[in-house]
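Please report on the sheet, the aromatic contacts and the charged side-chain pairs of this structure. Keep it brisk.

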Amino acid sequence: MDEFKRRLTHLHHCRGVGWKTIFQILKGDPELKNLYQLSHNDFFTQIHNPSSSSILHDLQSGLIHDQIRQYKINGINVITIFDDEYPTLLKETYQPPWILYAKGDITLLKKDIHLAVVGARQHTEYGENAINYLLPKLIEQGIVIVSGLASGIDTIAHHSAIKNGGKTIAVIAGGLFHIYPQTNQQLASEMMKNQLIISEYPPNIRPTRWQFPMRNRIISGICKGILIIQAKSKSGSLITANYAVQEGREVFALPGNIFSSYSIGTNELIQQGAKLIITPEDILQELIF
């Protein structure tokens, strides 16, 4: 790890540092040469971050340096927005993550076409059958399936991709050392060997509620399109779809029973202009053909 990358990673680990703080620091010091000379006054007058005490304390922390050195030993790749491995489409989004922490096959990030497949944690047999019907032909065309490792539709999408010999990426809330939900620990372990799991949070960060909708912008951000399988009226999947619309991605939705609460969200998306999906070819003609 070169000096600039090490310093950016260290800064990214500091308490109280968010996207805007890193932006302000890089704007004034693009190579981070003066990172360890910053003062309380700098944070108040130039960076406008009131958490200077915590940040300065963490910048002097040897423990953080030790944590970062352990990542390579644990097979964790640190990918900054300035690295070639960083997903091209994600760079084009609003406030893309400065750093991605990745474990597994990072070449998957540079594959030609990624499709997000997301849906409700609670689902029906209809949703599972739809995934098992749609994904095999998409995988045959080399499309990488991206989801969030959540219970329900996300888990089925990851499993279906693996079962059909395809490739899949999970974008998680929290860090790589804290997989959620616990029931997906085995799936996560398998994916860290042969697929890929990524997070914008340092590996030791525990997942919190607000991180889940935030990670949805990455799920849609690295993909050319997003397929919503089942979603209730206030499902987190609709947040992902909204990000996709804002970033100009293709939005696909599986139609459902008008009397089923599990299809209210997808049916509304179709009313709003999402493409109604009946066959795999409906997706392929937008992404490939």
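Does D66 count as buried, partly exposed or exposed? D66 counts as partly exposed, at 38% relative accessibility. The values here come from a predicted model.

**Salt bridges**

D66 has a charged partner. Its side chain meets that of R69 in a salt bridge, 2.3 Å from N to O. Both residues sit in helix α5 (residues 62-73). They are 3 residues apart there, so about one helical turn separates them. R69 counts as exposed, at 52% relative accessibility. The cut-off explains the label: exposed means over 50%, and R69 is at 52%.

Side chains of opposite charge can pair when their charged atoms come close. The structure holds 9 salt bridges. Three of them are set out below, including the one just described.

| Salt bridge | N to O distance |
|---|---|
| R6 and E3 | 2.4 Å |
| K33 and E31 | 3.2 Å |
| R69 and D66 | 2.3 Å |

R6 and E3 both belong to helix α1. They too lie 3 residues apart, with about one helical turn between them. R6 counts as partly exposed, at 24% relative accessibility. E3 is also partly exposed, with a relative accessible area of 38%. This bridge is part of a wider arrangement: salt bridges that share partners join E3, R6 and R7 into one network.

K33 and E31 make another bridge. K33 is exposed, with a relative accessible area of 56%. E31 is partly exposed, at 47%.

**The sheet**

How many strands does the open sheet have, and in what order? The open sheet has 9 strands, and its pairing is mixed. The order runs β1-β2-β6-β5-β4-β3-β7-β8-β9. The edges belong to β1 (76-80) and β9 (275-276). Each has a single partner strand, so one side of each is left without a neighbour in the sheet.

The partner of β1 is β2 (residues 99-104). These two strands pair in the antiparallel sense, over 5 bridges. Within this pairing, V78 stands opposite Y101 in β2.

Helices pack on the sheet. One of them is α1 (residues 3-13), which touches β1 and β2. The direction of α1 makes about 100° with that of β2. The helix that touches this edge strand is thus also the one holding the R6 and E3 bridge. Another is α8 (residues 153-163). Helix α8 touches β3 (114-118), β4 (144-147) and β5. Its direction makes about 155° with that of β5.

**Aromatic contacts**

The structure holds 7 aromatic pairs. One of them joins Y180 and F212. What is the geometry of that pair? The pair is edge-to-face, with 5.7 Å centre to centre and 70° between the planes. Edge-to-face needs planes over 60 degrees apart, and this pair has 70°.

Y180 lies in the loop between β5 (168-171) and α9 (185-194). F212 lies in helix α10 (residues 211-221). The two parts are 32 residues apart in sequence, so the pair ties together separate stretches of the chain. The two residues differ in accessibility. Y180 is partly exposed, with a relative accessible area of 48%, whereas F212 is buried, at 18%.

There is also an aromatic cluster. F4, W19, F23, F82 and W98 form it together.

Key:
Residues numbered from 1 in each chain as written. Predicted model: local features only at pLDDT ≥ 70, side-chain atom pairs only at ≥ 80, totals over all residues. Heavy atoms only, no water. Phe/Tyr/Trp six-rings, centres within 6.5 Å; stacked < 30°, edge-to-face > 60°. Helix = DSSP H or I, 4+ residues; strand = E, 2+ residues; numbered from the N terminus. Buried < 20%, exposed > 50% of the residue type's maximum accessible area, 1.4 Å probe, protein only. Pairing = 2+ DSSP bridges. Contact = heavy atoms within 4.5 Å. Axes fitted to C-alpha atoms, helices over the stretch in contact; angles between N-to-C directions. Salt bridge = Lys/Arg side-chain N within 4 Å of Asp/Glu carboxyl O.
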